[in-house]
Structure formats: C-alpha cells, structure tokens
Amino acid sequence: MATPKISVIVPVYNATAYLERCVGSLLLQTLSDFEILLIDDGSNDGSAELCDDYARKDSRVKVYHKPNGGVASARQLGVNKASGDYSIHIDPDDWVLPTMLEELYGVAVKSEADMVICDFTVVDERGEYCSIQQPHDNTPTTCLKQLLSGLLHGSLCNKLIRTALYKEFNISFVEGLNYCEDFMVCVQLFLHDIKIEYLAQSFYYYDQIVNDNSITRKYTINTLHQRLKFVEVLRERLQGEFAEELSTTIAGVAYECLRSGILSSREFAETFGCNKEDFKRSRYKRKRRLALCMAASGYQWLARCIIKR
C-alpha cells in the first residue's frame with residue numbers, strides 16, 4: 001500500500017465518554033490520505049471494543065492493543081507503527097476542525113518543513129479562547145527557549161512532525177514519564193537543526209472540562225512525583241545548556257506545588273530546598289521568586305501569604 005501522508009496517533013485509556021467525538025472529528029477531515037492509529041492502553045471500560053468497531057467500519061483506522069503502561073508508552077507505540085510521511089498526536093478527550101490535516105500538510109509540503117506549529121483553542125469553565133503559539137522566530141533554539149520559559153506549549157497536538165525525525169535523531173518518549181512526555185519530545189526535536197514553520201490558525205480544541213482524571217488537571221502526590229521526574233530528565237537532556245530557561249521551568253513546577261498545598265512546610269523545604277538558586281535565576285517576577293525562596297527555606301505559610309496578595 002502507498003504511504004499515507006499523515007499518521008494521526010491517538011492514545012486511548014478508558015475514553016468511552018468522549019472518544020466518539022474525537023474520532024468522529026478525524027474521520028471528517030478534508031484530507032483523505034491519512035491513517036488513524038488508536039493505541040488502546042489496556043482500557044477496561046469498553047474503549048477497546050469501541051476502537052475495534054471503528055477499525056471494522058473504516059480502513060483508515062488501525063487499532064493496537066497493549067497492557068496498561070501509561071500515555072508515554074502508548075504514544076511511543078503509535079510512533080513505532082506510524083507509516084505516514086508526517087504524524088501528529090491527538091488526545092481522545094479533544095477534537096479538531098475538518099481542515100486541520102489538509103492545511104498543516106499543505107504548509108509542510110510547500111515549505112519542506114520538518115515541523116509545522118499552529119495555534120489551538122482552550123475550552124474550560126470560562127468558555128473558549130485561542131492560545132497563540134507563534135514563535136519569536138522559527139529557529140529551533142528560539143523555540144526551545146520559549147518552550148522552557150512557558151511561552152510555547154509543549155503539546156504535540158498542535159505540531160505536525162516529519163515522522164522520520166524520530167528515527168533519524170533517535171528521539172523517543174521517556175518510559176514511565178506520563179507528565180510532559182510530549183514536552184520532552186519537543187525538547188529533543190528542538191535540540192536539532194530542523195526546519196520549523198508556523199500557521200496562524202487554530203484547528204485543535206483542547207478540552208479541560210470533560211476528563212476529570214487527567215493528570216494535568218488533578219494534582220496529587222503522584223502528580224508531584226511525575227513533575228520531579230520530568231525535571232530530572234529535562235536537566236539530563238539539556239546537559240548544562242539553557243540554564244535560565246531550565247530554572248524557570250523548575251520554578252514553575254515548584255510554584256504549582258506551592259499553590260496546591262499538598263506538602264507541609266518541612267516537606268516542601270526538603271523537596272525544593274536545593275533549588276533556591278533556580279528560583280532566583282528564573283524569569284518570574286520578584287514576588288513569585290521571593291515566595292518560592294521563602295517556602296524552600298521552610299516558611300511555606302509566609303510564602304502562601306505573599307502569593308495571595
């Protein structure tokens with residue numbers, strides 16, 4: 001069979017409540033030459049059977065079942081099975097506009113780009129709003145700095161990527177890292193001299209309401225452990241480069257933990273006491289840097305007073 005233009009990778013775990021909306025939006029794409037890879041990560045709610053039903057009805061849909069191992073392993077299996085010239089990841093609780101694949105692919109081919117970045121729309125309790133994702137310039141170094149500083153989103157759902165890059169640069173999802181696993185892949189890509197283009201349109205709808213079990217929306221001790229593992233892997237990947245941007249990322253992880261109140265003052269100081277220099281070096285405003293340093297010194301109550309002002 002001819003190679004499809006795009007492989008769409010959808011990691012699926014217990015997604016019966018919203019999978020139909022996601023896959024339905026993909027099957028309405030104006031680009032016809034693509035494949036959908038549904039990666040069932042050991043679902044036990046009927047999602048596996050729903051995926052198989054889609055595959056029986058449409059030859060563009062391929063299903064792979066695996067034991068539950070987390071979203072990183074599901075995405076990696078999708079990359080391994082992808083046969084498209086380009087690929088993109090879509091989360092099962094989100095949906096896309098019908099022209100997304102056609103327009104992203106058109107830009108990629110016309111400019112011979114390795115990656116095409118577009119905007120996306122956030123859907124939350126406040127309504128819908130567009131998140132602009134335009135880089136300051138299209139160089140990988142600039143994109144990496146903006147990514148680490150929080151100015152670009154780390155998702156792969158708004159990025160069409162030349163599939164061959166994964167193998168060419170030996171890029172893979174970090175096993176067991178189920179938070180910012182896609183962010184880490186972006187970091188690895190931006191460390192190489194790839195050609196990046198930007199399309200100023202929003203096709204992707206990022207739903208922050210429907211999935212209450214998402215790790216990005218529910219802060220627990222496990223969430224914190226995943227964040228800390230992410231920081232450890234990120235520091236290893238950057239090998240001493242981009243110190244200010246890395247410090248800003250670490251400060252962001254600590255600030256999220258501080259706001260959650262999940263740790264006692266002693267626990268916070270034990271966890272983040274060694275990061276005071278990162279907090280001072282980060283690009284956050286003085287008030288946040290001060291609060292983090294106070295909390296890291298064991299004065300979390302005072303830090304929380306500062307951030308509430």
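## Helix H2 and what it leans on

The buried residues of H2 pack against four elements: strand E1 (6-12), helix H1 (19-27), strand E2 (34-41) and strand E3 (61-66). Keep in mind that this is a predicted model. So who does the packing? The buried residues of helix H2, which runs over residues 47-57, are Ser-47, Ala-48, Cys-51 and Tyr-54. They sit on the same side of H2, because they cover an arc of only 120° around the axis.

Flip to the other side of H2 and you meet Glu-49, Arg-56 and Lys-57, which are exposed. For Arg-56, the relative accessible area comes to 63%.

## Charges along and after H2

Arg-56 has a salt bridge to Asp-53, with 3.6 Å between the closest N and O atoms. The two residues are three apart in helix H2, which means that about one helical turn separates them. While Arg-56 is exposed, Asp-53 is partly exposed, at 27% relative accessibility.

Just past the helix there's another pair to look at: Arg-60 and Asp-58 meet through their side chains in a salt bridge, at 2.9 Å from N to O. Here Asp-58 counts as buried, with 17% relative accessibility, whereas Arg-60 counts as partly exposed, at 21%. With the cut-off for buried set at under 20%, Arg-60 at 21% therefore lands in the partly exposed class.

## Arg-75, a buried arginine

Now over to helix H3 (residues 71-81), which is where you'll find Arg-75. Is this arginine buried or exposed? Arg-75 is buried, with a relative accessible area of just 3%. Leaving out residues up to four places away in sequence, Arg-75 touches Ile-9, Pro-11, His-89, Asp-91, Phe-173, Glu-181 and Asp-182.

One of those contacts is also a salt bridge: Arg-75 pairs with Asp-91, and their closest N and O atoms are 2.8 Å apart. Asp-91 lies in the loop between strand E4 (86-89) and strand E5 (95-96), while Arg-75 lies in helix H3, so the pair ties together parts that are 16 residues apart in sequence. Both partners, Arg-75 and Asp-91, are buried. Back in H2, salt bridges with shared partners link Asp-53, Arg-56 and Lys-57 into one network. Across the whole structure, a search turns up 18 salt bridges.

## Asp-182, a contact from far along the chain

Asp-182 also appears among the contacts of Arg-75. How many residues separate Asp-182 and Arg-75 in sequence? They are 107 residues apart in sequence, yet 8.8 Å apart in space, going from C-alpha to C-alpha. Asp-182 belongs to helix H7 (residues 181-190) and is buried, with a relative accessible area of 11%.

Besides Arg-75, Asp-182 touches Gly-154, Ser-155, Leu-156 and Phe-173, again not counting residues up to four places away in sequence. Phe-173 turns up in the contact list of Arg-75 too.

## Two loop residues with positive phi

Most residues other than glycine have a negative phi. Against that background, have a look at Asn-14, with a positive phi near 45°. Asn-14 lies in the loop between E1 and H1, and is partly exposed, with a relative accessible area of 24%.

Glu-112 has a positive phi as well, near 55°. Its place is in the loop between helix H4 (100-111) and strand E6 (115-124). At 62% relative accessibility, Glu-112 counts as exposed.

Technical notes
Residues are numbered from 1 along each chain as its sequence is written. This is a predicted model: local features need pLDDT of at least 70, side-chain atom pairs count only at pLDDT 80 or more; totals for chains, interfaces and linings use all residues. Side-chain values use heavy atoms; hydrogens and water are left out. Buried means under 20% relative accessible area, exposed over 50%, partly exposed in between (1.4 Å probe, protein chains only). The arc is that of the directions from the helix axis to the C-beta atoms. Contact means heavy atoms within 4.5 Å. A salt bridge is a side-chain nitrogen of Lys or Arg within 4 Å of a carboxyl oxygen of Asp or Glu.
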